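Q: I have a new model open and would like to learn how to read it. Could we go through some features together, beginning with charged pairs?

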Amino acid sequence: MLFNSIAFLVFLPATFSLYWFLLKKSTKGQNILLLLASYFFYGWWDYRFLILIALSTIVDYFVGLSLEKESVAKKRKRLLGFSLTFNLGLLGFFKYYNFFIESWIDAWQNIGVEMHASTLNIVLPVGISFYTFQTLSYTIDVYRKKLQPTHNFINFATFVAFFPQLVAGPIERATNLLPQFSVKRNFNTERAISGIHLIIWGLFKKIVIADSCATYVNAIFSDYETLNTLTLCIGAIYFAFQIYGDFSGYSDIAIGTARLFGFELMRNFNLPYFSRDVAEFWRRWHISLSTWFRDYLYIPLGGSRGNKANQLRNVFIIFLVSGFWHGANWTFIIWGTLHAVFFIPLLLRKQNRKHLNQVSETTLIPSFGELFKMLKTFALVTLAWVFFRADNVSIAIGYLQRLALNLNFKIEYLTIERYSIEMFALIGIFILLEWFNRQKEHPFSGRFKWIKITGVMLMLLLFGVYSDHQEFIYFQF
C-alpha cells in the first residue's frame, strides 16, 4: 500500500479511529490492532510474503528468549549465528540469487568460457532489507546484553511489522521503538498536529518534488545518447532531488503517521544537501542505515582505531556493503565505492568530523566558503547518483562520457508534461523553504506558519503528480 494512494487515504483514518475511539483504554488491544493493520498494509502489496515477516519474527523472538537463558559463550554465539544466517539467508536468496548467478556466468564468458545456469523469476519482497535489519538489531543487542528480551510476542511482532516504517524505514532500533509498545499511550493533540504537518510536508516532497522530477529524469536517462551536456546535467540534478524528495518524504510521512498513534521514530534525514563535505552528508542522509552500519559493522571491525590501513579497509567495507545493501547491481557497488573514495581524503586529513554543527548556525545566509563547500559536496554526490539511477554500468559510463565530452549547452525541448522553468521554480522554492527552516523539523512552525501550510497545500493541488504517480524508490530495496 502506497502512502500516496486512495487506499491509504481510507486505511489511515479507519485504523486511527479504531485505535483511539474503540481501544483507547486497552494498550494490548491497540497493539493487536496495529499488528493486524500492519499485516494488512503489507499484504495489500502481496499477501504471500507475509510468511517471511512472520518467520523472521518467530525466529528472533525465540532466539532472544534463548539468549536470555543461555550463559555459555559458545552457545550464545551459535544462537546469534542462527539468527544472522536465517535472516541474511532469506535476504540473500530473494535479493541476490540471480545477481550472483549472472555475475558468475559473465565472469567466465569474459575469458571465453561459455556457461549456462538457471536463474529464477524471483520477486523481491517489498522492504525486506529494512525489516531484516530492524529485527537483526534486536537479536544483536540482546546478545550484547544491551537490551532485555521481550516476553510479549504481540509487542515484538508489532515492532517488526509496524506499518508506518515497515517497507522503507526509518530502520528502528529495538531499544527505541520496542519499549513504546509496552506503555500506555494517551492521545496528544500537539503531537498529532505535528504528525499531520510532517505528513503534509512529506507528501509535498514526494508528489510535487520527487514525482515531478521523475518525469524529466525518466525521459533524460532513457534518451541520454541524443542529449547535450546541459540537459544531462539537469537530468542528474533532477534525480538528486527526486531521490531526496522521494525517500525523505517517505520518512517524514512515516514519522508523522507514527506520531498519530503515539509513537516517536528517529529522524532519518537532516537536510543532507546542505552538507559541507561527504562525511557530513552521511551524518544527514539515511541516518537510520548509516548509524546501523556504524554500530553493527564499522565499530566491531575496529572503526577508526588502529593503523591507517585498517581504517581504510573499514571505510571501504562499510561503503561497499552499503552499496550492496541497496541492490543487486554493480551500479550500486560502484556508487558505494565512489563515496568511499570521496570520504577517504577527509579521514586521512582527520577532517571527517569537522562539520558537526548546522551550516550557518548563527547567520541567515551562508558565507562564500560555506556555499562553495555545499555546492562541491552536492556535485560529488550528484555524480555518484548517476550510477545509482542507471540500469547498468555501461549506461552510467555512457551518460557521464556524453555529459563531459558533448559540451553543448543549448536549451533542448523535451516532449514531456512540464517546462523546465516550472520545475526549477519548484526546486528553488523547496530549497528556500528548507534553508530558512533548517533549525526546525519541518517548515510549518514559527512565523507565517499558516501562510506556509496554505502555500504548500496549494502547490500539492496545482503541481502534484497524480495521474502517473510513482512508487517510492526505496520500495525496491
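A: Gladly! Keep in mind that this is a predicted model. For a salt bridge, look for a Lys or Arg side-chain nitrogen within 4 Å of a carboxyl oxygen of Asp or Glu. Here D295 pairs with R173 in this way, their closest N and O atoms being 3.0 Å apart. D295 sits in helix 11 (residues 287–301), while R173 is in the loop between helix 6 (153–161) and helix 7 (174–177), so the pair ties together parts that are 122 residues apart in sequence.

Q: Is R173 buried or exposed?

A: Compare its relative accessible area with the cut-off: buried means under 20%. R173 has 13%, so it is buried. R173 also belongs to a network of salt bridges that links it with R294 and D295.

Q: How many salt bridges does the count come to?

A: The count comes to 11. Another one joins K205 and D252, with the closest N and O atoms 2.8 Å apart. K205 lies in helix 8 (residues 189–222) and D252 in helix 9, so this pair ties together parts that are 47 residues apart in sequence. Both K205 and D252 are buried.

Q: Which residue does E441 meet in a salt bridge?

A: Its partner is R259, at 2.6 Å from N to O. E441 is in the loop between helix 16 and helix 17, and R259 is in helix 9, so parts that are 182 residues apart in sequence are tied together. For burial, look at each partner in turn: E441 is partly exposed, with a relative accessible area of 34%, whereas R259 is buried at 8%.

Q: Now for the nonpolar residues: which ones have the most contacts inside the largest nonpolar core?

A: To find a core, look for buried nonpolar residues joined through side-chain atoms within 4.5 Å. The largest such core in this model has 140 residues, and Y273, W285 and W385 have the most contacts inside it. Helix 9 (residues 229–260) supplies the largest share of this core, with 16 residues.

Q: Which residues make a nonpolar patch on the surface?

A: L364, I365, L432 and F436 make one of about 430 Å². F436 lies in the loop between helix 16 (420–435) and helix 17 (449–463). With a relative accessible area of 44%, F436 is partly exposed.

Q: And which residues form a positive surface patch?

A: Look for K74, K75, K77 and R78, which form one. K75 is found in helix 4 (residues 73–109), and its relative accessible area of 42% makes K75 partly exposed.

Note on methods:
Residues numbered from 1 in each chain as written. Predicted model: local features only at pLDDT ≥ 70, side-chain atom pairs only at ≥ 80, totals over all residues. Heavy atoms only, no water. Patch = residues over 30% accessible without salt bridge, like charges linked within 9 Å, V, L, I, M, F, W, Y side chains within 5 Å. Areas by Shrake-Rupley, 256 points an atom, 1.4 Å probe, with all protein chains shown as cover. Helix = DSSP H or I, 4+ residues; strand = E, 2+ residues; numbered from the N terminus. Buried < 20%, exposed > 50% of the residue type's maximum accessible area, 1.4 Å probe, protein only. Lys, Arg positive; Asp, Glu negative; His and termini not counted. Charge placed at Lys NZ, Arg CZ, Asp CG, Glu CD.
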